[in-house]
Amino acid sequence: MQPHNGLLSLPNGKLTDISNSFEPSSHLKRMARVIMGMAAGLLRARSISCRLATGQHVTINRCKTCTVLCRSGRVWLTSEDDPQDYEITGGGELSLQCHGKVVITARSEDTLVDLNWREF
């Protein structure tokens, strides 16, 4: 039984069209969508700019990598998987590898920060 141009020759000499018989099943298509969605979630990049008053904070959940640019003022950054906390002042920038929640808290009035991160 050799396929030829989408036709399969059966032992009884009849030809059968098999050109559509190799499409993935709906189950395989659904699994592929789930896997692609998970991969997209692993690579999902986010960014915001925000102005904070003293004591106000921004929390990023499910953070994988994070870059904080403090444009003005002063911020305190803590990550749940890092025993060290960080202070960043106006013009300073910090990039972290993290695996969970990150909290950025303003330590001075009129603090302006740019946040870029990837979620997992």
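Which residues does Thr 65 touch, not counting residues up to four places away in sequence? I shall answer this first, and then turn to the sheet and to a patch on the surface. Please bear in mind that we are looking at a predicted model.

Thr 65 touches two runs of residues: Leu 96, Gln 97 and Cys 98, and also Asn 116, Trp 117 and Arg 118. A further residue to note is His 99, which is 34 residues from Thr 65 in sequence, while their C-alpha atoms are 7.8 Å apart in space. As for its own position, Thr 65 belongs to strand β5, residues 57–72. Thr 65 counts as partly exposed, because its relative accessibility is 21% and the partly exposed range lies between 20% and 50%.

Let us now consider the strands. β5 runs antiparallel to strand β9, residues 111–119, and eight bridges join the two. One of the residues involved is Cys 66, whose bridge partner in β9 is Trp 117.

Both strands belong to an open sheet of six, with antiparallel pairing and the order β4-β9-β5-β8-β6-β7. At the edges stand β4, residues 45–52, and β7, residues 86–89, each of which pairs on one side only. On average, neighbouring strands in this sheet are turned by 30° against each other, direction ignored.

Finally, I turn to the surface. Leu 28, Met 31 and Ile 35 make a nonpolar patch of about 280 Å². Of these, Ile 35 is located in helix α1, which covers residues 26–42. Ile 35 has a relative accessible area of 51%, and it is therefore classed as exposed, the cut-off being over 50%.

Terms used
Residues are numbered from 1 along each chain as its sequence is written. This is a predicted model: local features need pLDDT of at least 70, side-chain atom pairs count only at pLDDT 80 or more; totals for chains, interfaces and linings use all residues. Side-chain values use heavy atoms; hydrogens and water are left out. Patches are made of residues with over 30% relative accessible area and no salt bridge: like charges are joined within 9 Å, nonpolar side chains (Val, Leu, Ile, Met, Phe, Trp, Tyr) within 5 Å. Accessible areas come from the Shrake-Rupley method with a 1.4 Å probe; for residues, only the protein chains shown count as cover. A salt bridge is a side-chain nitrogen of Lys or Arg within 4 Å of a carboxyl oxygen of Asp or Glu. Helices (H or I, at least four residues) and strands (E, at least two) are DSSP runs, numbered from the N terminus. Buried means under 20% relative accessible area, exposed over 50%, partly exposed in between (1.4 Å probe, protein chains only). Contact means heavy atoms within 4.5 Å. Two strands pair if DSSP finds at least two bridges between them. Axes are lines fitted to C-alpha atoms, for helices over the stretch in contact, and angles run from 0 to 180 degrees between N-to-C directions.
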